[in-house]
Amino acid sequence: MIPELGNFALMIALCLALVQGSLPLLGAWRDKPHWIALARPAAAGQVSFVVFAFGCLLAAFVNNDFSVAYVASNSNSMLPLHYRVAALWGGHEGSLLLWVLILSVWTAAVARFSRQLPPVFVARVLGVMAWISVGFLLFMLFTSNPFDRLLPAARDGRDLNPLLQDFGMIIHPPLLYMGYVGFSVAFAFAIAALLGGELNAAWARWSRPWTLVAWAFLTLGIFMGSFWAYYELGWGGWWFWDAVENASFMPWLVGTALIHSLAVTEKRGSFKNWTVLLAIVAFSLSLLGTFLVRSGVLTSVHAFATDPRRGLFILAFLAVVIGGSLALYAWRAPTVGMGERFALFSRESLLLLNNVLLLTAAATILLGTLYPLFLDALDLGKISVGAPYFETVFVPLLLPVLLLMAASPFVAWRRDAWRDVASRLSKIAQISVLFGLALWLGWKFTPAVAAGLMLAAWILLGCAQHVLERLSAVGEGVTLARHVTKQPLSYWGMLAAHAGVALFVVGVTLVKGGEVSEDASLRVGESVVSNGWRYSFTALQKVDGPNYVAARATFEVHGPDGRVLTLQPEKRYYTVQQMPMTEAAIDRGFTRDVYLSLGEPGKDGAWLVRMQNKPFMGWVWGGCLVIAAGGLLSASDRRYRSYVKRKEDETIHTAAERLRTVAGIAGRGPAA
Amino acid sequence: MTRRQQRLLLLATALAALALAAWLVLSAFRRNLVFFYTPTQVLAGEAPHNRSFRLGGMVETASLKRDADGVGVSFLVTDTGRSLPVHYRGILPDLFKEGKGVVAQGRLDAGHRFVADEVLAKHDENYMPPEAAYALKKGRESVKVDR
């Protein structure tokens, strides 16, 4: 009964989404306040029914209702409760429902937190989001219904893939989808602005916090996926340039370009067309990412579902969304105008350069990801594009981005004298270069490692100097603490994100440059020395888990510094899916990870063991978290939350004023 | 500089950068494309000798042997038509099994043995790497033709 209710709720949600997508948009076009006013209630209804449907599927998983085909193929009665919940998004159908649920969360958030925006604008935004929801609900109801019954019911489920039975499965997909779907808000804002012909600084300011939050979630989602792959796949890799990872990385790169471009549009009114285009591209890549992962077209670690039947719908949907929005863009964008002019050497120019580099990087990844699929689809042969391609291309493209990252905040908007900036930066540039040379010539690091650390130092010093300059510009009688708190949160967020990138670069450089991996065959009682570390295999025992049996090895690891670690890697055997799994043991340290994994047993009681030492691995994760924290910090800037007329808006455009007149809002005081 | 000159300079720089990027990308792309071959194709001499490629098929039953040091391993990859000896050093993936699909990346050595530096296996019981499935299909077809 409950699954039928869920199915029914999805249908009602579809109907409400159709209402939410049609009348408010028509109302905004025809200037009918009653229709415009329908946007929020329709959205509230749609959201409620989607949440209800999600609850129904959740109930089916929690109650082990194996008469539901999707539950039967993704869960099992032996599975612990928290994994039964996570199993909901372990497959194609459930992932789509999660997608729609998260779209509902964002819809509700937009409806709730945009009361200060003109109703016409909100009606358009909610209308556009409704159409995205319509697409996904149709896809689900017609090709991949999670509520389909299985007749006769299965006695027990086929279990969740053991690789997915992990804490990462509980939080990685929701985080990633929060990011993907969050770009739908930026997209909807852009489309709404195109429809209304109101592309201006105010629009950019409203759009910024949403985009920042989505971007921060995407950062966390990608981080979590990588972190999870690192410990769960069992072999110490953490980024494979796998198509699925690329699928999430491309929207991240474009999203990064977008938040910088939005900053220019808000502060200076320039780049308006460009910003809108980026919003469209970022969301299109998010859609592409969702479908790439879930349509089963990939040969990759994530290709758990294989069903080309849905391909047609996906292609049609992508064509409508991308084609439609680009057509609208082509039609409306020329009327927007160029925005404010800027000189060749100005912050705008540098940010434009950053945008071009990030977009080029995203395009090269797109090429490497899609080209093999195209060849395969056209039967022109089977090829693959491996990590070496992405590394050779990506690193040189990102080096200038890292150089610019430290310098751009020092350059003034509109125009600056290049000599002034150079003289302000010369000291930290010299320190960074000396540091790099010392690493290379003095400490005998490889040139690549020295260059990476030099860039990281350059960024960190740049951030530090920027803070110092800003705080020393304070007048008499103002305490430092007060001056720190007076800086907008978006400023601290920007610095944090940039510093996070520097930490990340330190981690990547050192782990790529200094990791050591060695395989050996060992019996209990034997030991081996690798890279100055001594690994002793001291014991082996059998362990029974809830739905697996395991061999657990105990190793004593003696470090060069005399410390002794005890590590217990396991080899598990999951009984339902009859699948072996490696459970690595990791000792995480501030300057290194020791990573131990167990291979297969040999004939004479010997086990293959992989011993890895990964310097500064933790810095990669720490860097990602700091980047995401920077995004959230920026998003929480109070400035974005008020719809207050500002001086810049007026000088650039009187658009905010016009909007207000159109919306029929009586002028609120500027000091609200 | 006048504004017009500035804009031209900006445009020229952007175009030059774009051309450089395109060149960088395409040359890296060509160098790093990894082509796929079936054992039959490799034994017919179609596979390159000086660059890395992918080999797919099924691990032949009872062909898996560990070297004396316990780390090296050799096995045969078959497309049901013909089989090719493969050597690899290190831990095989969890789902590597005799009689199941496999894809390996590596090069041919002087003795026409495939030395793999990466072995990929399928990721669950129902899933066969598309490349391995393709190799088996081709292999079966060629067997039919031979008869």
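Reader: Hi! Which residue stands opposite Phe35(B) in strand 1 of chain B?

Author: In this predicted model, that partner is Ile383(A).

Reader: Nice. How many bridges join the two strands there, and which way do they run?

Author: Strand 1 of chain A, residues 383-385, and strand 1 of chain B are joined by 3 bridges and run antiparallel.

Reader: And the whole contact, how many residues does it take from each chain?

Author: Chain A puts in 38 residues and chain B 32 residues. On the chain B side, helix 1 (3-32), strand 1 (33-37) and helix 3 (130-146) are the elements giving two or more residues. Helix 1 of chain B gives the most, with 10 residues.

Reader: What's the make-up of that chain B side by class?

Author: There are 20 nonpolar, 5 polar and 7 charged residues on the side of chain B that touches chain A.

Reader: Switching to cores: which residues touch the most other members in the largest nonpolar one?

Author: Ala186(A) and Phe189(A) do, in a core of 192 residues. Domain 1 (1-165) and domain 2 (516-618) of chain A each supply at least three residues to this core. Another core, of 27 residues, lies apart from it and includes Ala47(B) and Val103(B).

Reader: What is Phe189(A) in contact with, leaving aside neighbours within four places in sequence?

Author: Val125(A), Trp203(A), Trp206(A), Ser207(A) and Trp210(A).

Reader: Last one, the hairpin of strands 5 and 6 in chain A: which residue takes a positive phi?

Author: Gly562(A), with phi near 90°, and the hairpin has 5 residues between its strands. Those strands run antiparallel with 4 bridges, and Phe555(A) stands opposite Leu567(A).

Note on methods. Residues numbered from 1 in each chain as written. Chains lettered and ligands numbered in written order. Predicted model: local features only at pLDDT ≥ 70, side-chain atom pairs only at ≥ 80, totals over all residues. Core = buried A, V, L, I, M, F, W, Y, C linked by C-beta atoms within 7 Å. Buried ≥ 20, exposed ≤ 12 C-beta atoms within 10 Å, placed from the backbone. Domains from an automatic or database assignment. Contact = placed C-beta atoms within 7 Å. Pairing = 2+ DSSP bridges. Nonpolar A, V, L, I, M, F, W, Y, C, P; charged D, E, K, R; others polar.
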